[in-house]
Protein chains: 2
Amino acid sequence: MVDILHRVAVEKIPPDAVYRALTTIDGLAGWWTTDTSGDASEGGVIEFRFPPGGFDMKVLETTPGSHVRWEVVDGPEEWVGTTVDWRLNAVDDWTVVMFEHQGWERPVEFMHHCSTKWATYLMSLKGLLESGAGAPAPHDVHIAFPD
Amino acid sequence: MVDILHRVAVEKIPPDAVYRALTTIDGLAGWWTTDTSGDASEGGVIEFRFPPGGFDMKVLETTPGSHVRWEVVDGPEEWVGTTVDWRLNAVDDWTVVMFEHQGWERPVEFMHHCSTKWATYLMSLKGLLESGAGAPAPHDVHIAFPD
């Protein structure tokens, strides 16, 4: 099993504000994809849709201000069964976001792609919180072929 | 051992042009850090310097238009002994860049940071080649605390 790892820090934003961007439909729609629906609370399923397809995430854990964990229950074959883990920590007036997309079976080319794409979406989350300027799909940063 | 994986595709740029950006001092200085010196040919050592420090990379392999491989011979403790691997493939009028920073001992927080930071530098490489607009240090995209 292999994991995608990332970290960003969000300036002058407390962990609770980052937590809201990960645990509300409006928050998620502001940085990942505008077409987000479902139930973002613990035990719920969130439906994220993008022009080429999408992911359904079951919310496994929500610990206010500190931890969010999802399991992919529908989507591309390589994603189903993987988990997406978010840990938040306050450091001075920053919130550090530790991100892991865990449990890929193999380091396939699609995993390379998703690693880079996650980085751009984490920068979108940071931009949304720091300046109101998120870049959710379909306004996302393109890293390769139309994606 | 754990690896950082990324992929970008560069539009209307042939593999040879990407290869030059990875195997010449001027090319490297255009997307990673302006303070790049040394010998970028096979067997040489390239010195990359950033405001907080730097890396010395021994060039293990250069296969024109397709493969470049470096070993970190000096720099932060977590980097020394790791390898940075670049594979280039033409797909239609794109060049696909498959990137791996291989052989991290543990998935420490610094590895999370470097994964996200590599993504921004790969976007800098893509920007340099597609439009002449690279973002090498010290003009790099900040993802966290002053970095």
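Visitor: How many salt bridges does the rule find across the interface of chain A and chain B?
Guide: Keep in mind that this is a predicted model. To count, a side-chain nitrogen of Lys or Arg has to sit within 4 Å of a carboxyl oxygen of Asp or Glu. A:Glu109 and B:Arg7 pass that test, with their side chains meeting at 2.9 Å, N to O. Across the whole interface of chain A and chain B, the number of salt bridges is two.

Visitor: And which element gives the largest share of the side of chain A that touches chain B?
Guide: Let's look at the elements of chain A that give two or more residues to that side. They are strand E1 (2–11), strand E7 (94–104) and helix H3 (109–131). With nine residues, the largest share comes from H3(A).

Visitor: What are most of the residues on that side of chain A: nonpolar, polar or charged?
Guide: In all, 27 residues of chain A are in contact with chain B. Six of them are polar and four are charged. The other 17 are nonpolar.

Visitor: Which three residues supply more of the area that chain A buries against chain B than any other three?
Guide: Together the two chains bury about 2500 Å², with 67% of it on carbon and sulfur atoms. Of chain A's part, 29% comes from just this trio: A:Arg7, A:His112 and A:Phe145.

Visitor: How far apart are the end C-alpha atoms of residues 13–130 of chain A?
Guide: UniProt, in an unreviewed entry, places the domain "Activator of Hsp90 ATPase homologue 1/2-like C-terminal" at those residues. The span is 31% helix and 42% strand. Its end C-alpha atoms lie apart by 7 Å.

Key. Residues are numbered from 1 along each chain as its sequence is written. Chains are lettered from A and ligands numbered from 1 in the order in which they are written. This is a predicted model: local features need pLDDT of at least 70, side-chain atom pairs count only at pLDDT 80 or more; totals for chains, interfaces and linings use all residues. Side-chain values use heavy atoms; hydrogens and water are left out. Contact means heavy atoms within 4.5 Å. Buried area is the accessible area (1.4 Å probe) that two parts lose on being put together, summed over both. Helices (H or I, at least four residues) and strands (E, at least two) are DSSP runs, numbered from the N terminus. Ala, Val, Leu, Ile, Met, Phe, Trp, Tyr, Cys and Pro count as nonpolar, Asp, Glu, Lys and Arg as charged, and the others, Gly among them, as polar. UniProt positions are given in the numbering used here, feature names are shortened, and annotations may be inferred rather than shown by experiment.
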